[in-house]
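Please look over the sequence and the model below before reading on. The report that follows moves from one pair of aromatic rings to the chain as a whole, and then to its helix contacts and some single residues.

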Amino acid sequence: MSVLLLAFTTIFIAEMGDRTQLLSLILATQFRKPWPIIAGIFVATIANHAVAGLIGVWIGRFLTPTILDAAVGVSMIAMAVWALIPDKIDADTKTASRGAFVATLIAFFIAEIGDKTQLATIALAAGYSHSVVWIIVGTTLGMLAANIPVVLLGNVFANRLPLKAIHYGASALFTVIGIYFVVRAYMAWH
């Protein structure tokens, strides 16, 4: 699987029902200006995932390829468990007065700190440090692909999503990806 596709798929799946996707819904219904919101998501994601990518590359320098495979595999399995826990978000009234773009930029960047999509970006960048640019491009595209429909379709989109099924499907996909990397690490050790 190409690094770009792996990064895109991982973040797209992780974002389903995530707090930043819920934040997108809140911002879309509050401001009703989709393009500034989408631009804010894009800029915040690029900045956040670039930092995560650099942290991942730094961490990756200290680990062997086999340990990286094991770490990525374990982190994907942990994300499988995390995907089963639906996120909730509290509306932030402090950013609402700043306009759609600035409010989205600030809220999205802060919401992404320590989020599963940021941690996945760190893990992917650690495992594929030679392709960190493609990791950042893929994770950003995955984030946009998951959030743009929410911004454009607002409440209609949220009310029609089978979130429980999405969480189970995401968990299953993360488990498969995680097992693949753990098995790859195991085979390298033996």
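## Aromatic pairs

Phe8 and Phe12 lie four residues apart in helix α1 (residues 3–15), so that about one helical turn separates them; helices here are DSSP runs of H or I with at least four residues, strands are runs of E with at least two, and both are numbered from the N terminus. This is a predicted model, in which local features need pLDDT of at least 70 and side-chain atom pairs count only at pLDDT 80 or more, while totals for chains, interfaces and linings use all residues. Residues are numbered from 1 along each chain as its sequence is written, and side-chain values use heavy atoms, with hydrogens and water left out.

The rings of Phe8 and Phe12 form a stacked aromatic pair, with 5.9 Å from centre to centre and 5° between the planes. For such pairs, rings of Phe, Tyr and Trp (its six-membered ring) must have centres within 6.5 Å, and planes under 30 degrees apart count as stacked, over 60 as edge-to-face and the rest as tilted. Phe8 is partly exposed at 28% relative accessibility, and Phe12 is likewise partly exposed at 29%; buried means under 20% relative accessible area, exposed over 50% and partly exposed in between, with a 1.4 Å probe and protein chains only. In the pair of Trp58 and Phe62, the ring centres are 5.1 Å apart and the planes stand at 80°, so this pair is edge-to-face. Both Trp58 and Phe62 are exposed. By the rule for rings, the count comes to two aromatic pairs.

## The chain as a whole

The protein chain has eight helices and zero strands, and from the N terminus on its elements run α-α-α-α-α-α-α-α. Of the 190 residues in the protein chain, 46% are buried. Among contacts between residues at least 6 apart in sequence, 92% join residues at least 24 apart, where contact means heavy atoms within 4.5 Å.

## Two helix contacts

Helix α3 (residues 34–60) and helix α6 (residues 116–127) pack at an angle of about 40°, and their axes are 7 Å apart. That angle makes α3 oblique to α6, since angles under 35 degrees count as roughly parallel, over 145 as roughly antiparallel, 65 to 115 as roughly perpendicular and the rest as oblique. The axes are lines fitted to C-alpha atoms, for helices over the stretch in contact, and the angles run from 0 to 180 degrees between N-to-C directions. The residues that make this contact include Asn48, His49 and Ala52 of α3, together with Thr117, Gln118 and Thr121 of α6. By class, the contact of α3 with α6 has seven nonpolar, eight polar and no charged residues; Ala, Val, Leu, Ile, Met, Phe, Trp, Tyr, Cys and Pro count as nonpolar, Asp, Glu, Lys and Arg as charged, and the others, Gly among them, as polar.

Helix α2 (residues 19–31) and helix α5 (residues 100–112) pack at about 165°, with their axes 10 Å apart. These two helices, α2 and α5, are therefore roughly antiparallel to each other. Among the residues that make the contact are Arg19, Thr20 and Leu23 of α2, and Ala100, Ala103 and Glu112 of α5. The residues of the contact of α2 with α5 divide into eight nonpolar, three polar and two charged.

## Single residues

The table lists where four residues lie and how accessible each of them is.

| Residue | Place | Relative accessible area |
|---|---|---|
| Gln21 | helix α2 | 5%, buried |
| Arg32 | loop between α2 and α3 | 65%, exposed |
| Leu84 | loop between α4 (65–83) and α5 | 40%, partly exposed |
| Ala165 | helix α8 (residues 163–189) | 48%, partly exposed |

Leaving aside neighbours within four places in sequence, Gln21 is in contact with Glu15, Met16, Ala146, Asn147 and Val150. Arg32 has a phi near 55°, which is a positive value in a residue other than glycine.

Leu84 takes part in two pairings of residues set apart in sequence. Ala165 and Leu84 are 81 residues apart in sequence and 9.7 Å apart in space, C-alpha to C-alpha. Leu84 and Gly169 are 85 residues apart in sequence, with 9.3 Å between their C-alpha atoms in space.
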